[in-house]
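Here are some notes to read alongside the structure. Take the points in order and find each place in the model as you go.

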Amino acid sequence: MTTYNLVDYGEMLRNDERITAYHDAIRAAIKPGAVVLEIGAGTGFMALLACKFGARRVYTLEPADAIIVARQAAKDNGYADRIVFHRERSTELTLPERCDVLISDLRGANAFYGTHLTDLIDARERLLTPDATWICQTDTLFAAVVEAPGGRSEIDAQWDGARWGLDLGSALRYAVHSPSRQRFKAEQLLTPSVSWGRIDFPRLVSPHLRGEAALTVERAGPAQGLALWFEVRLHGGFGFSNSPGKAASVYGSHFLPWPKTVPLLAGDRVELRIEVILSGQSYEWHWATTIRRNDQAEPVAAFKQSTFQGHLLDADGLRRGTAHYRPTVTAAAEEERFLLERIDGQRAQGELAAALRARFPERFADDAAALARVLRTVRAVGA
């Protein structure tokens, strides 16, 4: 999952196409007295807009430290009495009233960001009125075959041990299953774009998506993989995209590399199957590519790839990922249990650190090390 910092948030605000679309969509959606739910506030810009356009109350959620900036911005703009800030996930939230507008923009180079889609499904059922207005309406997902020598050569160059007289191919076999964010020019596309899926936010029923597409090569050239992007439609017909050629897009495009470069000819047919499956807190990508030429019975190339294949797992690691594995209590688990049993709202963190060091003297050289361990636990559980 992408983690944003203040520089990232600043770049988002400078992305004129995106921010103008949200500005206009929020203005069209907010009626005087509206009650707004915002999932993923960042530094608070959209919550401020909602207040500016007449919202009576904005319940805004942001688990990251950006909420510090958002709270101050609410005070600076005179909206502190109308914006209620929460640091927990929306699935852990109970509100005193249902909201009639939902604002949520959680994306990276693709539309699948952590548990965002499951959070939206939960919000629709528990936190929104039945006729609530969703600022984000749809994401239409596109794919094209791309000539991406930069993206592919970067992967190859990282694990080229030839100049050292070494074979580093063991890492490359994993690396080719790792998507990345790239910026492509429109002229790098060897095929027209084709939609392979669509996310209809107000009617979501699943956080997973499966899609297929067939593309015809228009320009011969060496192909290194697939460029993916989205087109967003907002309330009121406003929208934006991160399609190739949009240098101003803060997102870039999603690049799914192939295991090797494939020389394509005009007229070649590229068949795609893409699956995006939520696993825990993040997504696994699976992409299968078959390249056919003329009426040849056998394909020119066929690949089946997934981010799962890019995980560094041995046999023991695979066993740990099954429902049948029996975990044992490690030293770290003992520390965690010790702390969780004592976090009660009464003991200060320094007191917890002293108790932890006394219980596990061999694992903490000084009070600072014990306090650092306490802080990790507190941040992880949101205590």
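1. Let's start with a term you'll need. A salt bridge here means a side-chain nitrogen of Lys or Arg within 4 Å of a carboxyl oxygen of Asp or Glu. Side chains of opposite charge can pair when their charged atoms come close. Arg 373 and Glu 336 fit that rule, with 2.8 Å from N to O. Keep in mind that you're looking at a predicted model.

2. What does this pair tie together? Arg 373 sits in helix α11 (residues 367-381) and Glu 336 in helix α9 (residues 331-340), so the salt bridge joins parts that are 37 residues apart in sequence. Now check how open each partner is. Buried means under 20% relative accessible area, and Arg 373 has 8%, so Arg 373 counts as buried. Glu 336, at 23%, is partly exposed. The two also belong to a network of salt bridges that links Glu 335, Glu 336, Glu 362, Arg 363 and Arg 373.

3. Stay with α11 for a moment, and look at its neighbour. Helix α10 (residues 349-359) packs against α11 at an angle of about 115°, and their axes are 8 Å apart. The crossing is right-handed. On the α10 side, the residues that meet α11 include Leu 352, Ala 353 and Leu 356. Among the residues they meet in α11 are Ala 370, Leu 371 and Val 374, and Arg 373 from the salt bridge is on that list too.

4. How many salt bridges are there by this rule? The count comes to 24. One of them is between the side chains of Arg 18 and Asp 105, at 2.5 Å from N to O. This pair links distant parts of the chain: Arg 18 is in helix α2 (residues 16-29), while Asp 105 is in the loop between β4 (99-104) and α5 (116-126), 87 residues apart. Are these two buried or exposed? Both Arg 18 and Asp 105 are buried.

5. For a contrast, try Glu 271 and Arg 269, whose side chains form a salt bridge at 3.3 Å from N to O. Glu 271 has 24% relative accessibility, so Glu 271 is partly exposed. Arg 269 is partly exposed as well, with 40%.

6. Next, a sheet. Strand β13 (residues 269-279) is joined to strand β14 (residues 282-292) by eleven bridges, and the two run antiparallel. If you'd like one pair to find on screen, Val 270 has Ile 291 in β14 as its bridge partner. Together with two other strands they make an open antiparallel sheet of four, in the order β9-β13-β14-β15. β9 (209-216) and β15 (301-306) are the edge strands, each pairing on one side only. Neighbouring strands here are turned by 10° against each other on average, ignoring direction.

7. There's also an open sheet of five strands with parallel pairing, ordered β3-β2-β1-β4-β5. Its edges are β3 and β5, each of which pairs on one side only. On average, neighbouring strands in this sheet are turned by 25° against each other, direction ignored. Five bridges join β1 to β2 (residues 57-61), running parallel, and in β2 the bridge partner of Glu 38 is Thr 60. Helix α5 packs on this sheet, where it touches β1, β4 and β5, and its direction makes about 130° with that of β5.

8. Which residues of α5 are buried? They are His 116, Leu 117, Asp 119, Leu 120, Ile 121, Asp 122 and Ala 123. Their cover includes β1 (35-39), β4, β5 (128-134), β8 (194-200) and β14.

9. Last, a helix with two sides. In α4 (residues 66-76), Ala 66, Ile 67, Ala 70, Ala 73 and Ala 74 are the buried residues. Why do they count as lying on the same side? They cover an arc of only 115° around the helix axis, so they all face one way from α4. An α-helix has 3.6 residues a turn, so residues three or four places apart point the same way. On the other side of α4, Ile 68, Lys 75 and Asp 76 are exposed. The buried residues are covered by parts that include α1 (6-14), α3 (45-52) and β3 (83-86). After α4 comes Gly 78, with a positive phi near 80°.

Methods:
Residues are numbered from 1 along each chain as its sequence is written. This is a predicted model: local features need pLDDT of at least 70, side-chain atom pairs count only at pLDDT 80 or more; totals for chains, interfaces and linings use all residues. Side-chain values use heavy atoms; hydrogens and water are left out. Two strands pair if DSSP finds at least two bridges between them. Axes are lines fitted to C-alpha atoms, for helices over the stretch in contact, and angles run from 0 to 180 degrees between N-to-C directions. Buried means under 20% relative accessible area, exposed over 50%, partly exposed in between (1.4 Å probe, protein chains only). The arc is that of the directions from the helix axis to the C-beta atoms. Contact means heavy atoms within 4.5 Å. A crossing is left-handed if the near helix is turned anticlockwise from the far one by less than a right angle, and right-handed if clockwise.
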